[in-house]
Amino acid sequence: MSYPGYPPAGGYPPAPGSSPWGAPGYPPSNPPPIGLENVASYAGQFNPDYMSGMASNMSGTFGGANVPQSMYPPVPGGYPPAAPGGFGQTPQGQHPPPGGFGQPPQGQQSGYGMYPPPPGGNPPSGMPSYPAYPGGPMPPAGQQPQPMTYPGQQPMPGFPPGPAVNPSMPSYPGPAMPSVTPGKSGNRGTIYDAPSFDSLRDAEVLRKAMKGFGTDEQAIIDCLGNRSNKQRQQILLSFKTAYGKDLIKDLKSELSGNFEKTILAMMKTPVQFDVHEIKDAIKGAGTDEACLIEILASRSNDHIQEISRAYKTEFKKTLEEAIRSDTSGHFQRLLISLAQGNRDESTSVNMSVVQGDVQALYAAGESRLGTDESKFNAILCTRSRAHLRAVFSEYQRMCNRDIEKSISREMSGDLESGMLAVVKCMKNTPAFFAERLHKAMKGAGTKDRTLIRIMVSRSEVDLLDIRQEYKRMYGKSLYTDITGDTSGDYRKILLKLCGGND
């Protein structure tokens, strides 16, 4: 298809300015007619002279001798001058080298700036080419080729190593990472949350155990003895939701004796249980001072403050008022001090303060006639556990006497028992309870109230440590002594709380 006016007569005009290559405009002014019948008309264009001129122009285009000087500025160390007639051309009067243009003469390396051929020559016909590399022998199989430098190339600077693979983990500036010795952590009790817990299913089990004639005590032991206190509280709610009855009332009607007391103690929260133990220790003709000092000397600040709130809510009377109504003298002051739940709970120890307290205790007792009980009260009820342990150790070193012996020499009665209980709790709480358990079971009778209270209250705290201390102090296991001092379902539930033999 043709359009009027195209191509213009005389061909396209030359580009503005002179052609840097000296080539005529395109197309030529007299283009030969197209067609096989006119081949003879332009056969002269393929004569040797015409081809030689075309080669000269092409060599100039690709860096030959005919490149106009104005095109690219000369660069030091640039390309070498081309052979006369351009690359690929033989000098006048010479024949092409064997193998065609572009091949070096026999016995010589290529002089055209190309890489040397790979060792072993070119691959056979039809095979893929060998990988190119900058000279040198091929690396052995399985190894990466090493980087090589060329003449005039500057060596690569030695950069520092890159960041670690995981930047969030800082490197440890030492020969090896420090080893951390795992310590005791978490629950040291024998009772813990049961897996796959279902409070409604447990409520149904307990309902069946108490329904009809007789009671399946073993089913009650297996259910409640394998649940944590938090799970037992959920069972209480599910039982009332499912059956509209109070589980505590049903347990009281179906059980009896020390077995009943133990099960009912397990169904109270730790704070509720301590509140009722304190109430029972105070009411009546006599006072169980040992129970009061055991609870107030061994519980944490938060726990004691919760006891105070719960006591007032349930009995419309503050804990302090209850203590004042049933105790007196320095023992009363000791209990009231402990009932504040305000002991320092820091873990740091200032040795200068420790030495000052040691001197104050010595001055209040051993070094004078009579005893300043208030000084003992102030130090033993306010200082932190870590501080008091340092005080007891330093007292032994400076005074050559154990603090417990000094208290026994200076005090008597309930005050002596109370002060000693505080010291023993601060020194080693599990050992304090192990001693209490041993005293509860030794001799003709068994102090079941003490035995039940410690086994229930420490079962989710440190009963494993108490068992270890018991075995260390008395040469036989807590499990063995409970087995020998109790019987029936009462023994079964205590052994379930104990958690095993040592």
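**Figure 1. D250 and the residues it touches.** In this predicted model, D250 makes contact with R207, M210, F239 and K245, leaving out anything up to four places away in sequence. You'll find D250 in helix α5, which runs over residues 247-254. Is D250 buried or exposed? It counts as buried, because its relative accessibility is just 11% and the cut-off for buried is under 20%.

**Figure 2. Q231 in helix α4.** Q231 belongs to helix α4, made up of residues 229-243. Its relative accessible area is 4%, so Q231 goes down as buried. Which residues does Q231 contact, once neighbours within four places in sequence are set aside? They are Y192, D193, A194 and F197.

**Figure 3. The two sides of helix α15.** Helix α15 spans residues 403-410, and I403, S406 and I407 in it are buried. These three cover an arc of only 100° around the axis, which is why they end up on the same side of α15. Here's the general idea: an α-helix has 3.6 residues a turn, so residues three or four places apart point the same way. Turn to the other side of α15 and you meet K405 and R409, both exposed. What do the buried residues of α15 pack against? Their partners are α12 (351-364), α13 (373-382), α14 (385-399) and α16 (413-427).

**Figure 4. D402, a cap and a salt bridge.** D402 caps the N-terminal end of α15, with a side-chain oxygen 2.8 Å from the backbone nitrogen of E404. D402 also forms a salt bridge with K427, where the closest N and O atoms are 3.1 Å apart. D402 sits in the loop between α14 and α15 while K427 is in helix α16, so this pair ties together parts 25 residues apart in sequence. Both ends are partly exposed: D402 has a relative accessible area of 23%, and K427 has one of 30%.

**Figure 5. R409 reaches E366.** Back on the exposed side of α15, R409 forms a salt bridge with E366, and the closest N and O atoms are 3.3 Å apart. Why does this pair tie together parts that are 43 residues apart in sequence? Because E366 lies in the loop between α12 and α13, whereas R409 is in helix α15. R409 has a relative accessible area of 54%, so it counts as exposed.

**Figure 6. A buried salt bridge, and a network.** The side chains of R458 and D462 meet in a salt bridge, at 2.9 Å from N to O. Both partners are buried: R458 has 7% relative accessibility, and D462 has 8%. Elsewhere in the list of salt bridges, shared partners join E277, D280, K283, E294, R436, R449 and R453 into one network. How many salt bridges does a search of the whole structure find? The search turns up 26.

**Figure 7. The ring pair F432 and F433.** Four aromatic pairs come out of a search of the whole structure. One of them is F432 with F433, an edge-to-face pair with 5.2 Å centre to centre and 65° between the planes. Both F432 and F433 are buried.

**Figure 8. Two loop residues with positive phi.** Most residues other than glycine have a negative phi, so a positive one is worth a look. S196 has a phi near 55°, a positive value, and is not a glycine. S196 is in the loop between α1 (48-61) and α2 (199-210). At 66% relative accessibility, S196 counts as exposed. N400 isn't a glycine either, yet its phi is positive at about 60°. The place to look for N400 is the loop between α14 and α15. With 67% relative accessibility, N400 counts as exposed.

**Figure 9. Stepping back to the whole chain.** The protein chain has 21 helices and zero strands. Of its 502 residues, 32% count as buried. Take the contacts between residues at least 6 apart in sequence: 67% of these join residues at least 24 apart. The chain exposes about 31,500 Å², and carbon and sulfur atoms supply 55% of that area.

Notes. Residues numbered from 1 in each chain as written. Predicted model: local features only at pLDDT ≥ 70, side-chain atom pairs only at ≥ 80, totals over all residues. Heavy atoms only, no water. Buried < 20%, exposed > 50% of the residue type's maximum accessible area, 1.4 Å probe, protein only. Helix = DSSP H or I, 4+ residues; strand = E, 2+ residues; numbered from the N terminus. Arc of directions from axis to C-beta. Contact = heavy atoms within 4.5 Å. Polar contact = N/O pair within 3.5 Å; in protein donor to acceptor, adjacent residues only side chain to side chain. Salt bridge = Lys/Arg side-chain N within 4 Å of Asp/Glu carboxyl O. Areas by Shrake-Rupley, 256 points an atom, 1.4 Å probe, with all protein chains shown as cover. Phe/Tyr/Trp six-rings, centres within 6.5 Å; stacked < 30°, edge-to-face > 60°.
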